[in-house]
Amino acid sequence: MERVTRRRALAIAASAASVGVLPASAVRAQEGAGGAYDDDDRWAAERARVRELGFTEDEALCWEYIGRAAGKFFELPVLHELDAHEIAEAVHVFQNKLLSRPTYRRYLELAKQQNAARETD
């Protein structure tokens, strides 16, 4: 069994947190059921979840792409010990911007409705 260093543990945790992966128990259940967990199925489920939150299809794709990119980054050899932390922070900024878009869209809709109502009064 491979020895997990503190650096590797942090990279794994940052990677999992940044891409919004399924719980580890769900992944283990899939792997134990006779095969590797299908990456395309996982991302389809992730896109469906964020669509339920009000993401557009393009926003859901951005969510997926940033997650895939972060995951690929954490597969690269470590060149500097702070890279994982900095990438995780950058990914979280991107995710927070995406997460705020449905709410901000709704806010703009309400403001437009209220302004239109005031103009008719």
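## Tour of a five-helix model

Start with helix 4 (residues 57–73) and helix 5 (residues 83–120). Their axes come within 11 Å and cross at roughly 175°. Angles over 145 degrees count as roughly antiparallel. Helix 4 and helix 5 are therefore roughly antiparallel to each other.

Now show the side chains of this contact. From helix 4, select Glu59, Cys62, Trp63, Ile66, Ala70 and Phe73. From helix 5, select Asp83, Ile87, Val91, Phe94, Gln95, Leu98, Leu99, Arg101 and Arg105. Colour them by residue class. The contact of helix 4 with helix 5 divides into ten nonpolar residues, one polar and four charged.

Keep in mind that this is a predicted model.

**Zoom out**

Switch to cartoon. The protein has five helices and zero strands. Followed along the sequence, the pattern reads α-α-α-α-α. Turn on the surface. The protein exposes about 8900 Å², and carbon and sulfur atoms supply 57% of that area. Of the 121 residues, 22% count as buried. Consider the contacts in the protein with a separation of 6 or more: residues 24 or more positions apart account for 66% of them.

**Stop 1: Glu59**

Select Glu59, which sits in helix 4. Is Glu59 buried or exposed? Its relative accessibility is 4%. Buried means under 20% relative accessible area, so Glu59 counts as buried.

What does the side chain of Glu59 make a polar contact with? The partner is the side chain of Arg105, at 2.7 Å. Draw that distance in the viewer. Arg105 is one of the helix 5 residues in the contact with helix 4.

Next, show what surrounds Glu59. Leaving aside neighbours within four places in sequence, Glu59 is in contact with Gly54, Leu98, Arg101 and Arg105. Among these, Leu98, Arg101 and Arg105 belong to the helix 5 side of the contact selected above.

**Stop 2: Ala70**

Move along helix 4 to Ala70. Ala70 has a relative accessible area of 2% and is buried. Ala70 is also one of the helix 4 residues in the contact with helix 5. Add Ala88 and draw the C-alpha to C-alpha distance. Ala70 and Ala88 are 7.7 Å apart in space and 18 residues apart in sequence.

**Stop 3: Leu53**

Go to the loop between helix 3 (39–52) and helix 4, where Leu53 is placed. Buried or exposed here? Leu53 has a relative accessible area of 53%. Exposed means over 50%, so Leu53 is exposed.

Which residues does Leu53 touch, not counting those up to four places away in sequence? Select Leu99 and Pro102. Then draw the C-alpha to C-alpha distance from Leu53 to Leu99: the two are 8.3 Å apart in space, and 46 residues apart in sequence. Leu99 also appears in the contact of helix 5 with helix 4.

Methods
Residues numbered from 1 in each chain as written. Predicted model: local features only at pLDDT ≥ 70, side-chain atom pairs only at ≥ 80, totals over all residues. Heavy atoms only, no water. Axes fitted to C-alpha atoms, helices over the stretch in contact; angles between N-to-C directions. Helix = DSSP H or I, 4+ residues; strand = E, 2+ residues; numbered from the N terminus. Parallel < 35°, antiparallel > 145°, perpendicular 65-115°, else oblique. Contact = heavy atoms within 4.5 Å. Nonpolar A, V, L, I, M, F, W, Y, C, P; charged D, E, K, R; others polar. Buried < 20%, exposed > 50% of the residue type's maximum accessible area, 1.4 Å probe, protein only. Polar contact = N/O pair within 3.5 Å; in protein donor to acceptor, adjacent residues only side chain to side chain. Areas by Shrake-Rupley, 256 points an atom, 1.4 Å probe, with all protein chains shown as cover.
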